[in-house]
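Visitor: Could you take me through this structure, please? I would like to begin with the metal sites.
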Amino acid sequence: MAIFVDAATLPLVAPETRPMPGQIDHVTSLPNRRRFIADLPLQPGGASRVLVLLTLADAKHFNEILRALGHEFADHMVRAGAERIAHLLPAGCTLYHVSVLSFAFVTVTTSAEEAARAPAVVNTLVQSFRRPLLCDDLPIVTRVGIGVLALPALINTPAENLRAVLAAAQDSRRGPQGWAFYNRNTDEAHQRAFQLLSDLRQALLHDTELSLAYQPRIDLRSGRAEGAEVLIRWAHPALGSIPPSEFIALAEATGLMVPLTDWILTAALRHMRAWPPAWDRLKVSVNISPSSLHQANFAERLGTLMSAFMVTPDRLELEFTEGTLTSSDAAVTDQITQILALGMTVAIDDFGTGYSNLDYLTRLSAQVLKIDQGFIRTMDQDPRRAILTRAIIDLAHKLGYRVVAEGIETHKILDMLKACDCDEGQGYFFARPMPEAQFRDWLKSNLDGAPPGELSA
Ligand code: C2E
Ligand code: MG
Ligand code: MG
């Protein structure tokens with residue numbers, strides 16, 4: 001492949017400086033990211049400049065191309081992409097190859113109106129990349145993302161500008177127009193997620209920020225506690241309380257869910273071990289995310305942990321969502337079989353939110369079905385919800401499941417569920433999730449005969 005741009009004649013915006021060794025990308029011969037970082041502060045000022053970054057494909061797509069067609073071909077594709085962009089750029093505009101798949105340039109908008117819409121070249125690029133790139137006579141469909149950042153941005157360094165415009169390029173894939181302005185809000189959300197992940201790693205090491213909350217589960221016929229669900233709590237030193245709905249998904253998307261689940265199980269077993277023998281009949285229910293079941297030895301390690309804390313398997317219930325339990329992955333099925341063989345109970349959590357084919361209920365060996373609070377909380381206002389809930393309870397009973405209603409908030413809903421012959425309930429009407437010490441006090445009163453609901457926080 002011919003060298004795409006002669007490095008010596010690059011049309012730099014700041015022509016007084018020539019590219020130094022190490023400032024040229026070897027695939028496209030364009031000035032690289034180091035050069036971009038050096039050039040950006042030197043470029044002429046003015047309120048109408050915008051930084052544009054185009055990414056040819058997302059990492060997954062690029063890896064598929066690499067795997068199918070190899071590195072040489074991928075290099076051709078990157079060069080073809082660079083060539084297409086370069087042909088569309090306004091005269092005097094330098095194109096930089098800033099990472100394997102990304103190209104950046106600074107351009108000037110002709111009017112405030114154009115700046116508000118993004119420069120014309122951006123729309124030209126969007127249109128142009130709707131056509132496949134021709135590489136070695138093979139048409140390759142690209143999935144470009146284009147980010148636009150008005151300069152000078154309220155961002156200090158050229159590297160930060162580049163990171164921000166890359167964030168915009170990634171955001172653009174979620175919208176219909178093919179490009180996106182840098183958006184501080186979505187960027188801050190991503191940065192928060194990143195911060196939370198690194199802080200969670202620290203929290204797991206220090207043991208002072210994470211704790212367990214227990215929410216009682218009540219037998220609806222006797223009004224007595226049957227057990228409790230364990231829910232993780234994180235008191236972040238700077239950001240305050242972080243809800244599990246925010247950090248569990250992040251941990252699940254990275255490798256952190258495995259040590260987090262270990263932490264939760266160990267802390268719960270430590271508590272259970274210290275409880276009086278009279279509470280041995282109480283079941284503790286722990287939420288388990290899918291990644292745990294992808295560990296080949298999860299059930300075995302759990303068995304060992306329970307022996308170490310002298311807690312018998314019949315005292316532990318593991319909650320999985322429908323999506324996890326219906327997985328066709330042999331490794332997951334194998335772990336669930338082992339969990340049941342060890343004598344633990346398996347519960348289907350958030351039932352009714354998964355849009356699953358109901359046939360799985362006949363194949364699964366779970367014993368407990370927890371109806372999602374989305375059905376329960378409004379069943380007194382929506383007669384159709386109430387009909388559906390009654391039908392779910394009947395169906396589950398006929399298939400041999402014990403049924404738990406989540407999210408009971410009022411006496412009226414409790415009465416409706418009792419009339420449907422629901423076995424157990426959990427919700428703010430009885431008690432909110434509470435720290436372990438408070439849960440012990442709550443439990444003493446409940447088991448001594450105080451009617452459920454009286455002690456709810
Ligand atoms: P989940 O397993 O369905 O847990 C029930 C959630 O509903 C809890 O929220 C609980 O506080 C809340 N809740 C209980 N009763 C009521 C009620 O009457 N009204 C309302 N509005 N809400 C009620 P939380 O603690 O914020 O947890 C949210 C989700 O995060 C959990 O849903 C679970 O999926 C996940 N999660 C929480 N702790 C853990 C954990 O230790 N491990 C894993 N893997 N996931 C967890
Ligand atoms: Mg749960
Ligand atoms: Mg649930």
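Visitor: Which protein donors hold the magnesium ion (ligand 2)?
Guide: The donors are E229 (OE), N287 (OD1), E319 (OE) and D349 (OD), at 2.0 to 2.3 Å from the ion. Donors here are N, O and S atoms within 2.8 Å of the metal (3.2 Å for Na, K and Ca), and water is not among the atoms, so sites may look incomplete. This is a predicted model, in which local features need pLDDT of at least 70, side-chain atom pairs count only at pLDDT 80 or more, and totals for chains, interfaces and linings use all residues. Residues are numbered from 1 along each chain as its sequence is written, chains are lettered from A and ligands numbered from 1 in the order in which they are written, and side-chain values use heavy atoms, with hydrogens and water left out.

Visitor: Which parts of the chain do N287 and D349 tie together?
Guide: N287 belongs to strand β11 (residues 283-287) and D349 to strand β13 (residues 345-351), so the pair links parts 62 residues apart in sequence. Strands (E, at least two residues) and helices (H or I, at least four) are DSSP runs, numbered from the N terminus.

Visitor: Is D349 buried or exposed?
Guide: D349 is buried, at 6% relative accessibility, while N287 is partly exposed at 27%. Buried means under 20% relative accessible area, exposed over 50%, and partly exposed in between (1.4 Å probe, protein chains only).

Visitor: What coordinates the magnesium ion (ligand 3)?
Guide: D349 (OD), D350 (OD) and E406, the last through two OE entries, coordinate this ion at 2.0 to 2.4 Å. D349 bridges the two magnesium ions, ligand 3 and ligand 2, which lie 3.8 Å apart.

Visitor: And which residues come nearest to ligand 1?
Guide: R233, N287, Q373, E409 and Y428 do, out of 23 residues around ligand 1, counted when a heavy atom lies within 4 Å. A polar side-chain atom of E229 is 2.9 Å from an oxygen atom of ligand 1. For E406, a side-chain N or O atom is 3.4 Å from a ligand 1 oxygen atom.

Visitor: Changing topic, which residues touch the most other members of the largest nonpolar core?
Guide: L260, L318, I348, I408 and L417 do, within a core of 84 residues. Such a core is a set of buried Ala, Val, Leu, Ile, Met, Phe, Trp, Tyr and Cys residues joined through side-chain atoms within 4.5 Å. Helix α8 (residues 257-274) gives the most to this core, nine residues. Another core, of 36 residues, lies apart from it and includes V52 and V78.

Definitions and conventions: A polar contact is a pair of N or O atoms within 3.5 Å; within protein, one must be able to donate a hydrogen and the other to accept it, and residues adjacent in sequence count only if both atoms are side-chain atoms.
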